[in-house]
4 protein chains.
Amino acid sequence: MRTEPVRVAVVGVGYWGPNLVRNLIEYEGAEVAYVCDRDPAALARVARRYPSLRTTTAFDLVLGDDGVDAIAIATPVSTHHRLAGDALRAGKHVLVEKPLAPSAAEALDLIELARQRGLVLMPGHTFLYSPPVNLVCDYIAAGELGEIFFVSTSRVNLGLHQPDVSVVWDLGPHDFSILRYWLGEPPTTVNAISRGCVLPSVPDIAFVNLEFPSGTIAHVELSWLAPSKLRRTTVVGSRKMVVYDDTSTEPVRLFDSGVALRDPQSFGEYRLTYRTGAIVSPRVEPVEPLLVEVDDFVRSVATGSTPRSDADLGLDVVLTIEAAERSLSAGGTPVEVERSPRSLLGTRSR
Amino acid sequence: MRTEPVRVAVVGVGYWGPNLVRNLIEYEGAEVAYVCDRDPAALARVARRYPSLRTTTAFDLVLGDDGVDAIAIATPVSTHHRLAGDALRAGKHVLVEKPLAPSAAEALDLIELARQRGLVLMPGHTFLYSPPVNLVCDYIAAGELGEIFFVSTSRVNLGLHQPDVSVVWDLGPHDFSILRYWLGEPPTTVNAISRGCVLPSVPDIAFVNLEFPSGTIAHVELSWLAPSKLRRTTVVGSRKMVVYDDTSTEPVRLFDSGVALRDPQSFGEYRLTYRTGAIVSPRVEPVEPLLVEVDDFVRSVATGSTPRSDADLGLDVVLTIEAAERSLSAGGTPVEVERSPRSLLGTRSR
Amino acid sequence: MRTEPVRVAVVGVGYWGPNLVRNLIEYEGAEVAYVCDRDPAALARVARRYPSLRTTTAFDLVLGDDGVDAIAIATPVSTHHRLAGDALRAGKHVLVEKPLAPSAAEALDLIELARQRGLVLMPGHTFLYSPPVNLVCDYIAAGELGEIFFVSTSRVNLGLHQPDVSVVWDLGPHDFSILRYWLGEPPTTVNAISRGCVLPSVPDIAFVNLEFPSGTIAHVELSWLAPSKLRRTTVVGSRKMVVYDDTSTEPVRLFDSGVALRDPQSFGEYRLTYRTGAIVSPRVEPVEPLLVEVDDFVRSVATGSTPRSDADLGLDVVLTIEAAERSLSAGGTPVEVERSPRSLLGTRSR
Amino acid sequence: MRTEPVRVAVVGVGYWGPNLVRNLIEYEGAEVAYVCDRDPAALARVARRYPSLRTTTAFDLVLGDDGVDAIAIATPVSTHHRLAGDALRAGKHVLVEKPLAPSAAEALDLIELARQRGLVLMPGHTFLYSPPVNLVCDYIAAGELGEIFFVSTSRVNLGLHQPDVSVVWDLGPHDFSILRYWLGEPPTTVNAISRGCVLPSVPDIAFVNLEFPSGTIAHVELSWLAPSKLRRTTVVGSRKMVVYDDTSTEPVRLFDSGVALRDPQSFGEYRLTYRTGAIVSPRVEPVEPLLVEVDDFVRSVATGSTPRSDADLGLDVVLTIEAAERSLSAGGTPVEVERSPRSLLGTRSR
């Protein structure tokens, strides 16, 4: 493993990029080689806070600099394929904001590029590094919840409407990546309805239903129109249940509740017993997820390990969004999620 | 209007019937003529509390008694058509527990019977008499919320599984009747997925999406499996938003929040402004809905007025459930809700 | 132990008495021998619900009936001494609503009467039979919370003003009995301020501070004037902390939080570490406390055992109220709680 | 009014000082002339973030610089008198962190110094610039709540213990300044009990009762030991009630609830009616209070106006703390709050 810091250029310092800059600066194993943006005003804002950083509007300059090991891209999704592709072709490792690309074809293209060159390509699914999300993942993996019957989730708040993409492209990657991570499999079928309430051409509310190979079903409510912010996910298993609420001071609550079937054969009728036990709010470490994500990226670059948020998972997220959008267009008709060609190779990650 | 009390026989005193008995006793304008049940033990339980009541296991005796004006039926849904039909044919007005009948055909049959004989046929959609539900209805009718963009509702708790019907038949009538009442129209299309988690043959979780003629969309989550009881409905309008939570000490909360479009034509791009204003929890009268329902039924019998929870609304609820069940069977495919033949007559109630 | 049911006469069926009647009827080991009240209308209300009960306005008749083993008194506190005294002198066991008597002198008099005649005298401190209160008591007794540093409690709501007694006499018995039960000792010192907001002569808000022999301090806020109902008690121990909230679906919450002192001697300065661990909401049995209270009373009558809510505890509650009232009169000056003469005998109960 | 920016030196950049630096930089009408601290490491931390700032360990240098108009002091309270006194004697306006001084005598001394030299002396009671606090103040001033019956407040959390001062000196200034601001008068009498739970010599829990000239009473609970953070203040008036909760997304809630006395003279008895009306959560502007405080200070320096958080209010806060500490030492005996000599001059501010 290399011991020198990984030198990262951050491209795009609009809304999210400055968070990347701050965490890369705080992280011991990395150095910010450049901050790059087409907008000089955005660069100036960053420079005021961190005067020692090298800024540039010239992406080519960054690509051509041998002192740059990796590029972190936080630009609009429509530019991901071009910028990430150029970076990979220039031999740079890439961290790219979610979603990985605006289409599965483009995502696959990037994955192929990275594979050929032996470079890291990591979509920034930050929630995979969130302590409460990982706590729930651990419960599921350890069998604490039993079989996962269903998941129901609401990610709603007032604003911000995106001018060019639907609420499914904007908020969907969060829940679809979490589900993919928890369940270890992409959905098989999606059906969804939506409405463009404020701008008829831009869906700002969507109700998305998902079915998974293992039998789990899920509902995902996504909205830019809501009276108050909700980030509430319920996971109901055959043994226990969990509520994960990212707005709460107790983000994970484990319910020792369930239903048991007694003597199903006797007397020709079912007898059920309900169990309502203790509720536990485990301690959750107060760690900034983006710092853990940066650590995972830098380690992958330095050691060649596969990041938790790997490109295959990012591709599955894009395939899920595409299926949802097809269902929306077809008035809610269930649509099969395309199988990732990658999944045939048995490289599915958990 | 008649001034004598309306004499009502209550048929079925299992879970819900005793509530009917109690409210009919408390209500000045009614008298309980009989309490009837096939199970002598159920009758004995009622008699212990109200020793002066006349009890019988003989439904025919009740039907044949001219002293009985009306029959309130609180038996399993599979018996509704037969019992209500016999009662109407015997010239009795009928209050029958929701849903009105186990199929739209049977519901229509009962409606026709009642129409021919000029009798009241009222399904007991109790939520239509709940003060918070009516407060929200008033807001909608007064235009306080503006255009209704969408409704999202969760009705979930742990238990009780019904042995013979799905969660859609058990819990769906509540939300479908409320939506029908608030919006003044039945849905056009339904798609739904579900899972029989505990008993594979009995769906205990269902995610139901609905589309209405006016453009409103709705999501209804119904479940007998949940870590905690939720009764939460969000109504998002173009002017204001409402959260109705039946488990809260503040069951209705009105949010003066929304999005406005500014100068949509200028510069070829949309500019939105978000408004987050005051939240008001109006005072809600502490009235027992069932008492108001009994009042409405008795008045309809006495004066010939149409009850708020009328049979046409009850039929629309059954048609909605049937469409949801068809969509479940078809793997979530959107299904059109059959138009009620009644709706052609322009008798749609609000 | 006797096997026949204990025959209890209930005296006073205004607000609380009907609850006693209902629970005595439900309880297998008891029989309601009489219902007695000066007000025929109150008797009529009970008779309508339970037509088989014997009712009377003549207390003497009840006292003279050898078929009556015990008398449960639910009349205004000003009558407790006379009615309970007469009952004891007539050889009847007595359950009397809290507070035991309107003065410590009268309470002592009743205790002496009961002792001489070998009869049960039990004040109805119902909270001592409440499952959450007992759960907290178990934690304390087991050392789970460590040393009890302090308790802070709010018992406030809007109404109901009592015409003749202060909020301290009305609501204080609840918290003072719970503290006495949990800590196993009465307070040594009380200081309190209050205000008669609505009626200047009747304090409707009081802030009461208490100090206990073991070092525990407590604050009790009592009010008939409050924007919303609060029943919140925090117990902070050296090892763990508890919040007991009687209005919550999770009435007991156990916090694994605390402060530890490290190397207090080193470097002449203190170093503290804060621990914030898991929070557990244990399952609480859904039992009606009054039924458990009735069971305890009947067992005490039948077997001669000492009830959990015994007269010594009831006397300590009255002594605490008296001290609080003296402090109120003295403008908040700390006042010593008189030691119960009973405490000299070493009969303190836990 | 001067149009040049006010040049402010910030002295002390430990915990709070950096916030002052940040807000002074953001504020248009001010310039940070120096950042001064005895600890070079603290200066280095600030310099890393704001490399252009002039830093120094030499307070004398700052005092002697004519380019410095004002000094903002954020050092431990034990140093306030010396540093603020030196600054005033050097002709500088002074903003000093709360509490103004560690004793009323020292506070008075500073006030006299500032008066003689015509300089601004402003204690940094930041809560007086908090939007929810001001909203409640507006309700009170407008008579919306009617007569203020009582105030009950809890300011508790786990940590941080101060090594040298009690929880009353640490957290008390917040509530005492808010009460002084809302009620427009200091308390007349204080009684308080406390306990040093973790370190016997340092009270970490205190229950403080206050009585005000107008009849309002208040309870203030202050604690560094608590299962969860509470910042809850209830204000009960004769017309309406308010709950101010600084940890909530709805920090102010106005309850249209109360009690009315009907026909008090009739029939020799009181009849009360309880009113429970709507609850309103008004919109609260998302403004950083410290920025408004900086604005008030700079305006006072520039125009000679009296700041909202003026030195007389700061003196009353110190007098209240002193009274509370005397009561603690006297075992909870009520102690009169010394009247500020300033109050004789009729300069009481609201």
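I take buried to mean under 20% relative accessible area. The model I am reading is predicted.

**Entry 1: helix α6 of chain D**

I began with helix α6 of chain D, residues 131-141, and listed its buried positions. They are D:Pro132, D:Val133, D:Asn134, D:Val136, D:Cys137, D:Tyr139 and D:Ile140. Next I asked what covers the buried residues of α6(D). The cover includes two strands that I noted early, β7 (148-156) and β11 (230-237) of chain D. It also includes helix α7 (167-183), along with β12 (241-245) and β13 (252-262). After α6(D) comes D:Gly143, and I noted its positive phi, near 80°.

**Entry 2: D:Glu221**

I then looked up D:Glu221, which sits in strand β10 of chain D, residues 217-223. Which side chain of opposite charge is nearest to D:Glu221? I found C:Arg232, at 7.3 Å. A salt bridge needs a side-chain nitrogen of Lys or Arg within 4 Å of a carboxyl oxygen of Asp or Glu. D:Glu221 has no salt bridge, although it is buried.

With which side chain does the side chain of D:Glu221 make a polar contact? The partner is the side chain of C:Ser152, at 3.0 Å. I also listed what D:Glu221 touches, leaving out residues up to four places away in sequence. From chain C the list has C:Phe150 and C:Ser152. From chain D it has D:Thr153, D:Ser154, D:Arg155 and D:Val156, and also D:Ile205, D:Ala206 and D:Phe207.

**Entry 3: A:Leu199**

I moved to chain A and picked A:Leu199, in the loop between β8 (189-195) and β9 (205-211). Is A:Leu199 buried or exposed? Its relative accessibility is 2%, so I count A:Leu199 as buried. I also checked its separation from A:Val13, 186 residues apart along the chain. The C-alpha atoms of the two residues are 28 Å apart.

**Entry 4: chain A as a whole**

I noted nine helices and 15 strands in chain A. Of its 350 residues, 60% are buried. Along the principal axes, the C-alpha trace of chain A spans about 80 × 45 × 40 Å. I compared the radius of gyration with the rule for a compact globule: 350 residues would give near 20 Å, and chain A has 22 Å, so the two agree.

I looked at contacts in chain A between residues at least 6 apart in sequence, and 67% of them join residues at least 24 apart. Last, I wrote down the exposed area of chain A, about 13800 Å², with 50% of it supplied by carbon and sulfur atoms.

Notes:
Residues are numbered from 1 along each chain as its sequence is written. Chains are lettered from A and ligands numbered from 1 in the order in which they are written. This is a predicted model: local features need pLDDT of at least 70, side-chain atom pairs count only at pLDDT 80 or more; totals for chains, interfaces and linings use all residues. Side-chain values use heavy atoms; hydrogens and water are left out. Helices (H or I, at least four residues) and strands (E, at least two) are DSSP runs, numbered from the N terminus. Buried means under 20% relative accessible area, exposed over 50%, partly exposed in between (1.4 Å probe, protein chains only). Lys and Arg count as positive and Asp and Glu as negative; His and the chain ends are not counted. A polar contact is a pair of N or O atoms within 3.5 Å; within protein, one must be able to donate a hydrogen and the other to accept it, and residues adjacent in sequence count only if both atoms are side-chain atoms. Contact means heavy atoms within 4.5 Å. The radius of gyration is taken over C-alpha atoms; the globule rule is 2.2 Å times the number of residues to the power 0.38. Accessible areas come from the Shrake-Rupley method with a 1.4 Å probe; for residues, only the protein chains shown count as cover.
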